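Trainee: Please pick one part of this model and take me through it slowly. I'd like to follow one thread and see what it touches along the way.

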Amino acid sequence: MFSKTAVMLAVLIVSMFIFGNSNAECSAFLSSKKDKEKEQVKLPEPVSEGIDYLLDTLSVKTKDFDPGKVNALIRYVDESAPTDKIIKLPKYESANGAGMRINVKASLKRILEYTYNPEIPGYAVYPSVIRLSGWYPDSEFFADKGKPWKSLNDCEVPKVWRGKEFEVNTPDSFGGAYYRYDLNRLLVLMKYEGRNVFFSIARQADKSSVGMKGLVMDDNQWNYFYSGIPGLTAGGMGWMDTFMYDSISVSVYIQDKNNPEYTVNYLFKWLRAGWAGLNVVRPKHIFEGSQRFANAFRALMESKELPEAAVFSEKVKGIESMSDQKIDKYISEYSKSIEALAGKNPVLSDKFPEIYTNGNYANSFTREERIGILVKEYVKRAMGKQCLIYDAVVQN
């Protein structure tokens, strides 16, 4: 009886929490039973069929792509009204979903040069939702050095790329969890009524690693804390082993019909995550994570301060080629800056002093994670953010 009661209590408590990513992708958020979700948008059948076709194409490795199968989906996005409100989607294979539509004052060419450039890591252009990411070396997109922006004038016949990548998301705003997971991705470039359209479709390959304790220190400054300890940061819930079970995203980019130098981006996103197989993600939480992604992404793409993509990629190569000794020097400086910030944070100073004091914060970080820090600090300085390293390594 005690055992059953304990399990029921645990399920009740965990149902108050949600966990998730971004692809970008979305982060996870605390759920409240008092939250009222908006009514689901009923997608027209041809639109749902278009989404199904894209996900089927992702799972079946073929170069054949029928643009007629997605015309209704493109038309739906093209005719959608501007909104900053949640678009609550029907469930997809037991995963809750939410849509988001944003206008980006940047050309599709510029977006592709940064976001789907194998020489620029995804976390550099999605700093608010991704800690670390990368293409696996044997991925077609990476091995072929795919450059979709160079095919914008030659895509009357759709261009298709595939690949597999990994991501580690930034901590969510409430529970504090972050995860590592693999994604299978399909990229399609095509024409629609004379305008360029780009699809990015991704689905999680398997269950994520167990959630680790982290914290959003300052989302506006893209500063996040990573403990390396399994569990949740939220009070009383640190013992929970949580996972992302499935994530699906269909992102559509189309030249704005009113201004071809601008881009409309419509994201369809589904997520299933939680504890003991229980999905505790709600559409509102997916949408809030999407907004967090959109705010940073739009700022980067619309910025005149961001280095040109070619300069950016060369800087990344330079950081990646640094010796361990040189990287350690910069990371030591970064760790001291984190220690100064963490000491002023009541959650970190209470729960994790042993992680960051005496300059120890990044001692357990891998080379990959250290490079990620330096690249992101470079981006932060370019964008006028609070930079935690003051050496020339992050100068533009």
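Mentor: Let's settle the counting first: helices and strands here are DSSP runs, H or I over at least four residues for a helix and E over at least two for a strand, numbered from the N terminus. Counted like that, the protein chain has 12 helices and 12 strands. Keep in mind that this is a predicted model. The chain runs to 396 residues, and 57% of them count as buried. Its accessible surface is about 17,100 Å², with 51% of that belonging to carbon and sulfur atoms.

The part I'd zoom in on is the hairpin made by strand 8 and strand 9, with 4 residues between the two. Strand 8 covers residues 212–218 and strand 9 covers 223–230, and they pair in the antiparallel sense over 5 bridges. To get the register, click on Met 212 and look across: Pro 230 of strand 9 stands opposite. Further along, Val 216 has Tyr 224 of strand 9 opposite. In general, strands of a sheet pair through backbone hydrogen bonds, in either a parallel or an antiparallel way.

Now the turn. Trp 222 sits in the loop between strand 8 and strand 9. Its phi is near 60°, which is a positive value in a residue other than glycine. Is Trp 222 buried or exposed? Buried, because its relative accessible area is 6%, and the cut-off for that label is under 20%. Compare Asn 358, which also has a positive phi near 60° without being glycine. Asn 358 lies in the loop between helix 11 (353–356) and helix 12. The label there is exposed, because the relative accessible area of Asn 358 is 67% and that label starts over 50%. There's another hairpin to put beside ours: strand 1 and strand 2, with 2 residues between them and Glu 93 in the turn at a positive phi of about 50°. Strand 1 (residues 87–92) pairs with strand 2 in the antiparallel sense over 4 bridges, and Tyr 92 stands opposite Ala 95 of strand 2.

Back to our hairpin and the sheet around it. An open sheet of 3 strands runs in the order 5-8-9, with antiparallel pairing. Strand 5 (177–178) and strand 9 are at its edges with a single partner strand each, so one side of each has no neighbour in the sheet. As a rule, side chains in a regular strand alternate between the two faces of the sheet.

Follow strand 9 a bit further and you reach a void. The largest cavity has a volume of about 170 Å³. Of its 15 lining residues, those closest to the centre are Arg 131, Tyr 226, Tyr 334, Ile 373 and Lys 376. Strand 3, strand 9 and helix 12 are the elements that give two or more residues to that lining. Helix 12 gives the most, with 6 residues. By class, the cavity lining splits into 8 nonpolar, 2 polar and 5 charged residues.

Two of those elements turn up again when you look at the open space. The largest pocket holds about 520 Å³, and the elements giving two or more residues to its lining are helix 5 (122–125), strand 3 (130–135), strand 4 (159–169), helix 8 (309–320) and helix 12 (367–382). Strand 3 has the largest share, 5 residues. The pocket has 27 lining residues, and Pro 118, Pro 121, Ser 133, Gly 134 and Trp 135 are the ones nearest its centre. That lining comes to 14 nonpolar, 6 polar and 7 charged residues.

Strand 4 then hands you on to another pocket. The second largest pocket has about 340 Å³ of space, and helix 2, strand 4, strand 6 and strand 7 each put at least two residues into its lining. Of 15 lining residues, Leu 58, Lys 61, Arg 162, Gly 163 and Asn 184 lie nearest the centre. By class you get 3 nonpolar, 5 polar and 7 charged residues in this lining.

So, to retrace the thread: start at the buried Trp 222, run along strand 9 at the edge of its sheet, and step into the cavity that strand 9 lines together with strand 3 and helix 12, among others.

Notes:
Residues numbered from 1 in each chain as written. Predicted model: local features only at pLDDT ≥ 70, side-chain atom pairs only at ≥ 80, totals over all residues. Heavy atoms only, no water. 1 Å grid on protein atoms, 1.4 Å probe; cavity = no way out; pocket = protein on both sides within 12 Å on 5 of 7 lines; lining within 4 Å. Points joined across faces, edges and corners; volume = space filled by probe spheres on them. Nonpolar A, V, L, I, M, F, W, Y, C, P; charged D, E, K, R; others polar. Pairing = 2+ DSSP bridges. Buried < 20%, exposed > 50% of the residue type's maximum accessible area, 1.4 Å probe, protein only. Areas by Shrake-Rupley, 256 points an atom, 1.4 Å probe, with all protein chains shown as cover.
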